[in-house]
Structure formats: structure tokens, C-alpha cells
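Please go through the structure below and report on its ligand sites, its domains and a few residues of local interest. Keep the sections short.

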Amino acid sequence: MTNPNQQGYTPYHNNFLKEVEQNVEDGTWVKMCMQCGVCAGSCPLGNAWEHTPQKIFMMIRAGKREEVLKSDSMWMCTSCYNCIARCPRKLPITHIMHGLAHYAHRLGLAPKGQPTREIAKLFWKNLVKTGRANELKFSLAMYFKDGFKQGIKNALGMQKVGIGLIKAKRLNPMEIFGGHKCKDKSGFQKMIAKAQEIENSKKTHIA
Amino acid sequence: MTAIIATNQTILVVGGGISGMTAALEAAECGKQVILVERNSSLGGRTALLYRYFPKMCHPTCGLEINLRRLKANRNLRILTQTEVTSVTGQRGDYTVSLKISPRYVNSNCTACGECAKVVKKEIPNPYEYNLSRTRAAYLPHAMAYPQHYVLDPSIIGTPDADNAKAACKYNAIDLDMQVETIELKVGAVVWATGWKPYEAAKIQPYGYDRFDNVITSLEFERYADPHGPTGGKLLRPSDGKEAKNIAFIQCAGSRDQNHLHHCSRICCMASLKQTQYVREAYGEQGKSTVYYIDIRSIDRLEDFYRKVQQDSTVNFVKSKVAQIKLDEKTGDLILHGVDTEGYHRYATQHDLVVLAVGMEPESNGIKLPADLITDSSGFIEGSADLGQIAAGAASSPLDVNRATQSATAAALRAIQVVYKTSAIEEAR
Ligand SMILES: Cc1cc2nc3c(=O)[nH]c(=O)nc-3n(C[C@H](O)[C@H](O)[C@H](O)COP(=O)(O)OP(=O)(O)OC[C@H]3O[C@@H](n4cnc5c(N)ncnc54)[C@H](O)[C@@H]3O)c2cc1C
Ligand code: SF4
Ligand code: SF4
């Protein structure tokens with residue numbers, strides 16, 4: 001490129017904002033942020049975020065693709081909705097955070113071993129098996145996610161809570177044998193597979 | 001009440017703030033007949049309750065005084081206070097307006113000697129101090145009030161207080177039999193100069209205006225700074241009367257916000273910059289002002305004022321919309337939480353007093369306006385499609401005094417054109 005005007009323009013040629021707008025749930029809202037900082041200050045988990053939502057929106061606009069998608073910041077969102085309630089521009093911040101996390105996950109860029117991501121994966125696997133959440137198996141899977149020894153330790157540590165839940169009929173120990181399922185399990189699984197197929201065909205992945 | 005003569009050559013001005021006074025005077029000084037109606041007991045509007053004006057830091061009383069002198073000298077101008085417009089019908093050149101005049105219980109014999117106030121026992125929250133102090137139920141609205149006549153609060157009518165006031169008056173100025181009057185007038189053009197009102201601060205939930213004593217509005221701060229105000233000009237905070245020396249100003253409190261007012265109120269940045277100078281005036285280097293802002297909007301040549309304040313060592317700027325205010329129970333101080341967007345630093349900063357730079361919304365929001373009056377998405381008045389009704393000052397847009405009076409002069413000119421054309425058509429017939 002010899003045209004100096006074009007050279008000057010290149011750094012601003014922002015593919016990442018466009019990529020986010022096309023692929024991330026509610027991504028089209030990112031450009032509406034006026035950088036007031038209210039979302040950043042309103043997040044109850046704010047201290048745990050490396051980049052606050054406001055900063056992430058700026059990073060997207062600045063084309064910082066790797067830094068954003070590999071970040072574990074948006075995985076910190078607990079869906080408290082404080083930021084949405086206060087945002088003067090009414091950005092659906094919570095949804096954008098989940099959208100970004102999901103997109104990073106699909107691209108395989110999300111940080112490995114990030115606890116929220118691991119829990120989400122376990123929960124998904126647990127749910128699609130029978131069409132019903134099996135809470136007992138889910139808890140056990142969580143205990144044992146860091147190995148057998150740690151799993152026993154975790155299970156013993158939570159023993160009292162577990163017994164309490166069983167007594168209060170909030171947890172059924174029989175769930176260990178497969179557990180309850182929805183009426184048409186294979187129909188349900190077909191539906192999920194189809195939904196995933198549709199979803200994937202919609203997404204244009206810009207590398 | 002003496003009969004009011006009005007024709008379709010008459011211009012009606014609604015609202016007697018700086019804009020309404022200006023529009024009325026400009027038209028009357030051009031020889032037009034003008035009726036100026038004001039809902040309150042005195043002319044002056046919101047500016048009469050400001051301590052100083054940006055950018056020159058002069059006193060509002062000065063401008064008011066000049067206008068009042070012009071007003072007294074003019075024979076074409078008829079002023080009705082305690083009067084509201086209840087309906088406007090018709091079209092340009094031919095309006096019928098209904099006015100409702102509330103009783104003042106004091107007539108024009110009043111010399112403002114104040115003898116009545118001495119004998120009235122009842123006290124009421126002072127409406128001319130945003131209820132920050134109390135006043136006797138017989139009172140002069142404020143030092144610059146026009147007309148310079150006392151007012152009896154309706155709540156004492158029929159009580160011994162009213163009878164005592166009447167007996168104390170040497171000039172036979174108190175008339176307890178005054179009733180609500182309604183009158184109908186013909187006018188040719190209407191200027192709406194109904195001004196603005198502050199956005200209701202309590203609606204901004206995270207700032208706790210309704211929960212924390214030491215969170216106040218910028219309007220209240222004007223009263224605290226004014227030597228004629230409730231604290232005699234001392235910056236004393238409401239909870240314990242302690243001198244507030246470390247003051248936070250929060251910008252865009254209720255403005256530029258989809259949850260509140262959508263528009264930028266335009267003058268509040270300048271108002272806060274001005275108010276930091278009240279703090280300096282009170283304490284010199286000992287005072288501290290911190291302005292929390294999204295971006296500072298000091299338009300046109302007002303930018304110079306901003307530059308000057310930026311140089312002031314007692315004023316700090318934090319680029320951040322404050323997320324939440326929490327109370328420190330022990331001290332009554334407030335802790336402001338947020339993230340500084342310059343560097344993304346999280347802060348929790350303690351202040352003695354928090355001043356909310358509340359937004360301006362049209363005073364006419366919530367009242368029934370004539371059907372053909374066009375308003376913008378925030379309710380500011382644009383005028384009628386046939387141009388017979390014209391908006392002036394803060395009724396038309398959030399304007400400072402300078403721009404409000406410019407807009408008022410323009411409105412007067414348009415009103416004159418309306419009645420001029422009306423008379424030309426009539427002569428041709
Ligand atoms: C905190 C703060 C500080 C400010 N400081 C400055 C400053 O330093 N310098 C500056 O230039 N500007 C300042 N402003 C802006 C200034 O207050 C406005 O520019 C000014 O008040 C506009 O005058 P106005 O006559 O248009 O409206 P108003 O002052 O609101 O007057 C309107 C009048 O109309 C009357 N009225 C309303 N409705 C009716 C009705 N239905 N019937 C009859 N009468 C009615 C009201 O009683 C009132 O008297 C400040 C504003 C704020 C919020
Ligand atoms: S609160 Fe809204 S406008 Fe403000 S920084 Fe966050 S997303 Fe942007
Ligand atoms: S003038 Fe300043 S404080 Fe007022 S709404 Fe506009 S930006 Fe916010």
C-alpha cells in the first residue's frame with residue numbers, strides 16, 4: 001500500500017468489532033457504549049475481573065481480539081444484572097458477556113480450566129444426557145473434576161450439606177442409578193442436535 | 001381587580017423568569033401591549049435563587065434589578081402574579097386564554113413594611129428556599145421580589161393569625177376576602193417561557209438522595225452558598241451542621257440516561273464548575289472539590305472557564321460515572337464507589353457532602369398544554385405549527401441565562417411579527 005491515506009486508515013480498519021457484531025449475541029450493542037464506567041463500578045465481582053465490561057467494550061473497538069477472547073474476565077459474570085439496570089445507554093451487558101464467553105468457547109480460545117467454563121461444560125453434559133438435570137451426578141462430577149483424591153476430600157467436606165439436602169428431600173440418592181428423564185429422551189437429543197446444527201450454520205467464523 | 005383590556009394585538013407571555021421578563025419587555029418596549037403572567041408570587045423564576053452566575057461570577061440580582069427598572073418604566077406591560085393559564089384555544093392572531101388568579105390576600109397598598117409577619121405565629125417551609133428553612137406564613141418571597149408585596153399563606157386564612165395580620169397592617173393592604181378569580185382574554189400571540197424544573201433526584205436510586213442527608217442537589221447548594229440563604233452563606237452539611245470542606249460533585253445526575261432524562265441538560269457541567277469556586281471562596285486552599293464526570297460540556301467560550309477551574313489546585317476531576325453511594329454511619333460521610341475510566345482504577349472515596357448536578361426538565365412536563373403546541377421528545381416546547389405560539393428560554397431547551405435571554409428576544413420578535421401581520425390583514429379588510 002503506497003497511498004498514505006490508506007496506510008493511515010489500516011490500523012483503524014476494525015475487523016474485530018464487526019466480527020463481534022456478527023457472531024456474538026447482542027454484539028451489535030457494543031458500539032453504543034459511551035464509556036461512562038457505571039457497569040465497571042456496579043459489578044459485585046468487579047475486583048475479580050481483569051478487564052471490566054466497559055474496558056472490554058473499548059478493547060473490542062480497539063481491535064484487541066486475542067486479549068478479549070482469551071481473557072477470563074467475561075467468565076466472571078454472575079448474571080446479577082446490576083450493570084444492565086444502571087447502564088445509561090441500556091446495553092444488555094450481561095448478555096454480551098455471556099455472548100463473548102460462548103463465542104470464545106466455540107472458537108476454542110477460552111481459557112482452559114477456567115472454573116465457570118468447566119462448570120458450564122459439566123452442566124451441559126449432565127443436562128443433555130436425559131433432558132433433566134441430575135443434581136447428584138452434577139455435584140459428584142464437580143467434586144471429582146480435579147482428580148479422585150481431591151474428589152473424596154471435597155465429598156467428605158460437603159457431607160453434612162449433602163445429608164441435610166437428602167433429609168429435606170432436596171436431593172434424591174437414587175438419582176445415582178440414572179435418575180429421572182424426560183418422556184422422549186431420544187427425541188430430545190435429536191432436537192438438541194438439530195438446534196446445534198442450525199446454530200452452527202448461522203455463524204460465519206472470521207479467523 | 002381593574003379590568004384588563006386585551007385584543008388580538010396583545011401578546012401574552014406565560015412565565016415570569018428571566019426569559020419571560022425579557023420577552024415581555026422587548027415586545028412592550030417596541031410599543032406592543034403585553035400581559036405577563038407568573039404562577040408564583042414574584043417574578044424572577046429560578047435565577048432569583050442562584051447565588052452567582054457563571055461565567056462572570058456576578059450576582060443574579062444585578063440583571064434582575066435592571067429588568068425590574070425597565071418593567072416599572074413601561075406602560076404597555078401588565079403583570080399578573082399568582083396566575084396560571086388554564087386553557088388556550090383558537091389560532092394565531094385570535095386566541096382566547098383562560099387565566100386563574102389565586103388570592104394573595106394582600107393588595108397593592110402593601111409597602112413591604114413587614115408588620116404583618118411580626119404577629120403571625122405559624123411557620124411554613126419556605127418555598128423560595130427549596131423548603132430548606134422555614135418562614136412565617138406572612139412573608140416576602142425574597143429580597144428582590146417583584147411586586148414588593150407580602151403574601152399570606154392560604155393555610156392561615158380563617159385563623160387568628162390572619163386576623164392579627166390584618167389588624168397589624170397600617171396601610172389597609174390585607175384583604176382576607178380575596179377569592180380565586182378566573183378571567184378570559186383575547187390575545188394575538190402567546191410566548192411560553194415556563195422554564196425548567198430539576199429532575200427528581202430521589203429517582204436516581206444508587207445515589208440515595210432520599211436516604212442520605214448529606215446528598216443534596218445543585219440547586220440546594222446554590223442556597224447554601226448564598227449569604228441570604230438558609231445558612232447565611234456557610235457551606236454547612238444537613239446531617240450535623242458541620243462545615244463541608246471535601247465536596248463531591250456528580251455530573252449527569254439524571255441526564256443523558258435512558259433510565260431518566262435522555263437529553264444532556266447542558267448547563268450542569270458549568271454549574272458544578274462554578275460551584276467549585278464557591279468552595280474555594282469559602283475555604284481557600286483548605287477546601288477540596290472533586291468533580292465526577294463522563295465528559296465536561298462547557299460549550300463555546302465557556303471553555304475558558306473550564307480551563308481556569310482545571311488550573312485550580314483545590315479542584316480534582318475524576319472521569320467516571322459514580323456507580324453507587326454508601327453511607328459511613330459513624331461520620332455521616334459518604335463513600336463513592338466506581339471505576340476511574342482513565343486507567344480503570346477502582347475507587348471508594350470518602351466525602352463530607354455530595355452535590356448532584358441534577359438535570360433540567362421542562363417545567364411544563366405534567367401540565368396540560370394546548371393541543372396544537374409541539375414538544376420535543378423530552379417535552380421541551382417548540383411552538384405551534386402556525387407559529388402563533390412561541391417558546392422562549394429554558395421552556396424550549398436547557399439553556400443558560402445568556403442563551404435564554406437571546407431566545408426570549410427572538411421569541412418577542414416573532415410574536416411582534418404575528419400581531420403585526422394580524423393588524424395588517426385587518427386593516428386590508
Ligand atoms: C444548579 C444550576 C445553576 C445554574 N447556574 C447558572 C449560572 O450560573 N449562569 C447561567 O447563565 N445559568 C445558570 N443556570 C441556568 C438558569 O437557571 C436558567 O438559564 C434560567 O433559569 C432560565 O430562565 P427561564 O426564565 O427560561 O426559566 P425559569 O427560571 O425556570 O423561569 C420560569 C418561570 O415561569 C414560571 N412558570 C412556570 N410554569 C408556569 C405556568 N404554567 N404558568 C405561569 N408561570 C409559570 C415559573 O414560576 C418561573 O418563574 C443554572 C441552572 C442550574 C440547575
Ligand atoms: S454502563 Fe453502559 S455506557 Fe457505561 S461503560 Fe458500561 S456499557 Fe458503557
Ligand atoms: S451538561 Fe454536563 S452534567 Fe449536564 S447532562 Fe450534559 S454532560 Fe451531563
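## Strand residues B:Thr135 and B:Ser98

In this predicted model, B:Thr135 touches B:Lys122, B:Glu123, B:Ile124 and B:Asn126, leaving out residues up to four places away in sequence. B:Thr135 sits in strand E7 (residues 134–136) of chain B. Its relative accessibility is 14%, so B:Thr135 counts as buried.

B:Ser98 is also a strand residue, placed in E5 (residues 94–101) of chain B. B:Ser98 has a relative accessible area of 15% and is therefore buried. Beyond four places in sequence, B:Ser98 touches B:Glu84, B:Val85, B:Thr86 and B:Ser87. B:Ile183 and B:Glu184 are touched by B:Ser98 as well.

## A buried loop residue

B:Ala244 lies in the loop between H5 and E14 of chain B. Buried or exposed, at 0% relative accessibility? B:Ala244 counts as buried. With neighbours within four places in sequence set aside, the contacts of B:Ala244 are B:Leu235, B:Arg237, B:Tyr283, B:Asp352 and B:Leu353.

B:Tyr53 is not among the close partners: 22 Å separate its C-alpha from that of B:Ala244. In sequence, B:Ala244 and B:Tyr53 are 191 residues apart.

## Domains

The domain assignment splits chain B into domain 1 (10–102 + 180–195 + 363–428), domain 2 (115–168) and domain 3 (199–360). The C-alpha centres of domain 2 and domain 3 of chain B are 33 Å apart. Their contact takes five residues from domain 2 of chain B and seven residues from domain 3 of chain B.

Chain A has domain 1 (16–107) and domain 2 (115–206). In chain A, 27 Å separate the C-alpha centres of domain 1 and domain 2.

## Ligand 1

Ligand 1 has 33 residues around it. B:Ser19, B:Glu38, B:Phe54, B:Lys274 and B:Leu399 come nearest. By class, the shell holds 13 nonpolar, twelve polar and eight charged residues. Domain 1 (10–102 + 180–195 + 363–428) and domain 3 (199–360) of chain B each give at least three residues to the shell around ligand 1. Three helices of chain B, H1 (18–29), H5 (218–225) and H6 (268–283), each supply at least two.

Which atoms pair with ligand 1 at 2.7 Å? A polar side-chain atom of B:Lys274 and an oxygen atom of the ligand do. For B:Asn40, a polar side-chain atom lies 3.3 Å from an oxygen atom of ligand 1. B:Arg39 pairs through its backbone: an N or O atom there lies 3.2 Å from a nitrogen atom of ligand 1. The protein covers 98% of the 1000 Å² of accessible area that ligand 1 has on its own.

## Ligands 2 and 3

The residues surrounding ligand 2 come from chain A. Among them are A:Cys33, A:Cys36, A:Cys39 and A:Cys87. The shell also includes A:Met34, A:Gln35, A:Gly37 and A:Gln54. By class, nine residues around ligand 2 are nonpolar, three are polar and none is charged.

Ligand 3 is surrounded by residues of chain B, including B:Cys252, B:Cys264, B:Cys268 and B:Cys269. B:Arg256, B:Arg266, B:Asp295 and B:Arg297 also line the site. The shell around ligand 3 has five nonpolar, three polar and four charged residues. Strand E14 (246–253) and H6 of chain B each supply at least two residues of this shell.

## Backbone details

Two cis peptide bonds deserve a look. One joins B:Phe54 and B:Pro55, with omega about -5°. B:Pro55 is in the loop between strand E2 (34–37) and helix H2 (60–73) of chain B. Another joins B:Tyr146 and B:Pro147, with omega about 0°. B:Pro147 is in the loop between strand E8 (138–139) and strand E9 (151–152) of chain B.

In chain A, A:Asp26 has a positive phi of about 60° without being a glycine. A:Asp26 lies in the loop between helix H2 (15–23) and helix H3 (38–42). Its relative accessible area is 27%, so A:Asp26 is partly exposed. A:Ser79, another residue other than glycine, has a positive phi near 60°. A:Ser79 lies in the loop between helix H5 (65–69) and helix H6 (82–86) of chain A. With a relative accessible area of 32%, A:Ser79 is partly exposed.

Terms used
Residues are numbered from 1 along each chain as its sequence is written. Chains are lettered from A and ligands numbered from 1 in the order in which they are written. This is a predicted model: local features need pLDDT of at least 70, side-chain atom pairs count only at pLDDT 80 or more; totals for chains, interfaces and linings use all residues. Side-chain values use heavy atoms; hydrogens and water are left out. A residue is near a molecule or strand if one of its heavy atoms lies within 4 Å of it. A polar contact is a pair of N or O atoms within 3.5 Å; within protein, one must be able to donate a hydrogen and the other to accept it, and residues adjacent in sequence count only if both atoms are side-chain atoms. Accessible areas come from the Shrake-Rupley method with a 1.4 Å probe; for residues, only the protein chains shown count as cover. Helices (H or I, at least four residues) and strands (E, at least two) are DSSP runs, numbered from the N terminus. Ala, Val, Leu, Ile, Met, Phe, Trp, Tyr, Cys and Pro count as nonpolar, Asp, Glu, Lys and Arg as charged, and the others, Gly among them, as polar. Domain bounds come from an automatic or database domain assignment. Buried means under 20% relative accessible area, exposed over 50%, partly exposed in between (1.4 Å probe, protein chains only). Contact means heavy atoms within 4.5 Å.
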